[in-house]
Amino acid sequence: MKEKEQRTEDEDAQRVSLCKNGDVDAFEVLVKKHQKRMLNIAYRMIGSYEDACEVVQDAFVSAFKNMQNFEERARFSSWLYTIVINLSRNRLKQLEIKSYREDSSLNDPVFTDESQITVEPASDEPSVLERLEKRDVQKKVQGCINSLDNESREVVVLRDIQGFSYDEISDMLKIPEGTVKSRLFRARYTLRDCLKRVMGDI
Amino acid sequence: MECADTQKKLSAYIEGVISPEERMLVNEHLTSCQECSAFLADMRKTVEYVQKLEDIEPPPWLTQKVMENIKSEAKPKKGILQKLFYPLHIKLPIEAAAVFLIAVAVLYIFKTIQPEVKLTQIPLEEIKTQIPSKEKIPGFVETKPVPAQPAEKQLLAKKTEVTEKVAESPKAPLPVAKEDEARPSAGAVVKDESKTEVLSRAPRAKALAERKEEIFSLTINVKDIKTAIKEIEKVLIQLNGQIIKSESFENKEVITAKLDSKKLKELIDKLKLIGEVKEKDLEGLEGDIETRIEILKTSIQLQ
């Protein structure tokens, strides 16, 4: 696993060099490679598919513009995801100004706009009922995640959803590892309470 | 370990980021505590739910859209619209131009009102210099009855005019102008109208006269100055002369008039009828001459 990671990192570094020299096609490769993860981070943080798509676009454009500032010693993916995290935060603030979030954000219209969302099909073909149930559960879970405060949400998304290491998260959020952990643990307690409320017995 | 403590540690416990000693304590507690065991199960489930959230797929158009945005960023911004709306290219130049225009306008306005500013100051200055000079010259008495107020104002207004003209014609000497102003009495001896006329013409006449630098002086001895003045003035008018001014001194009167040099002979002849005239040389005089007639009272002397 680590080897694979290292390889992708090196590939990234190569393409970054090309981009710095104005190679737009090299950047396209990077876009294709990272867009899914970026979208998922944005989506899970913001809770809105449409906004998440916009944020991802902005993030890539921002990365391209600031390519010259990127130090090649650093990890490109971390740098890129930091951008999308920051933009997601901003977007979230804008949305919050528009409509305040309540604890019971499950009634939030945001969660009904899932017509556009395509979900990765599970490897085994579940029945329709199961699929619907699953969808229902996922909605609720996302709802609970949205009800978290921004800081807690960030660590939950990055750690439990995206599976980044504590080190990587610390890098992206610019906070010490200890803080990452404490935030995460606190967040989980809150989530547990929320899920119990929403789903009954979990 | 108490329940509260245990539950706090459970997250770390799950993650495996707990010290061996603490792990042992938690384990110990869990074996005996139903509540905390259930809590642990909850915590594990929570993490599971979150981890099981499915990834969403990016829309198919996303890559293309991103690249379009990138390419428009990469292009040099030569589009007219972009050029127009790019703040630094359009906003700052406009602002700079506006500031410049304002500065120009202000300077222009300032320059336009400058002459007026200067001119309105001159009379004040000259009057100020007047007053002390009047006091200094002994015997410089102003002969006149107090002229009517409006006349005075009129004269003062004319004075300003005169000063303006004086200021404009650089050759007109200041002393001349000063003398003019020292005589607000102008209206006394001669009618106001003609005087004001004279006053306005005077500087120019004086300018002319001064340019030629010719003053013809005459002295006439008379028995009665007052009568003589009237007579002399009549004569001057007859001869189409212009009386410029009339000055009063302790023992004499001086009438300054502009007269055609051709009439000088006649003048002298007529003056002889009024009093005793001391002859002066008439040769070499041309054009309008400023004639200065001194009227002296004959001292009663037995010769």
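**Exercise 1.** In this predicted model, work out whether A:Cys144 and A:Cys194 are buried or exposed, then describe the bond between them.

*Solution.*
- Start with the surroundings: A:Cys144 and A:Cys194 are both buried.
- Next, check the sulfurs. They sit 2.1 Å apart, S to S, and the cut-off for a disulfide is within 2.5 Å, so A:Cys144 and A:Cys194 are joined by a disulfide.
- Now the handedness. The torsion about the S-S bond of A:Cys144 and A:Cys194 comes out at about -85°, so this disulfide is left-handed.
- Finally, place the two ends. A:Cys144 belongs to helix α5 (residues 128-147) of chain A and A:Cys194 to helix α8 (residues 177-199) of chain A, so the pair ties together parts 50 residues apart in sequence.

**Exercise 2.** Find out how many disulfides the whole structure has over all chains, and why B:Cys36 is not bonded to B:Cys33.

*Solution.*
- Search everything: one disulfide turns up over all chains.
- Take B:Cys36. Its closest cysteine sulfur is that of B:Cys33, and at 3.4 Å that's too far for a bond.
- Turn to B:Cys33, which is in no disulfide; its nearest cysteine sulfur belongs to B:Cys3, 3.4 Å away.
- Check burial too: B:Cys33 has 11% relative accessibility, so it counts as buried, and B:Cys36, at 0%, counts as buried as well.

**Exercise 3.** Locate B:Glu233 in chain B and say how far its C-alpha atom is from that of B:Ala257.

*Solution.*
- Look in helix α10 (residues 225-238) of chain B; that's where B:Glu233 lies.
- With 8% relative accessibility, B:Glu233 counts as buried.
- The C-alpha atoms of B:Glu233 and B:Ala257 are 9.2 Å apart, with the two residues 24 apart along the chain.

Terms used:
Residues are numbered from 1 along each chain as its sequence is written. Chains are lettered from A and ligands numbered from 1 in the order in which they are written. This is a predicted model: local features need pLDDT of at least 70, side-chain atom pairs count only at pLDDT 80 or more; totals for chains, interfaces and linings use all residues. Side-chain values use heavy atoms; hydrogens and water are left out. Helices (H or I, at least four residues) and strands (E, at least two) are DSSP runs, numbered from the N terminus. Buried means under 20% relative accessible area, exposed over 50%, partly exposed in between (1.4 Å probe, protein chains only).
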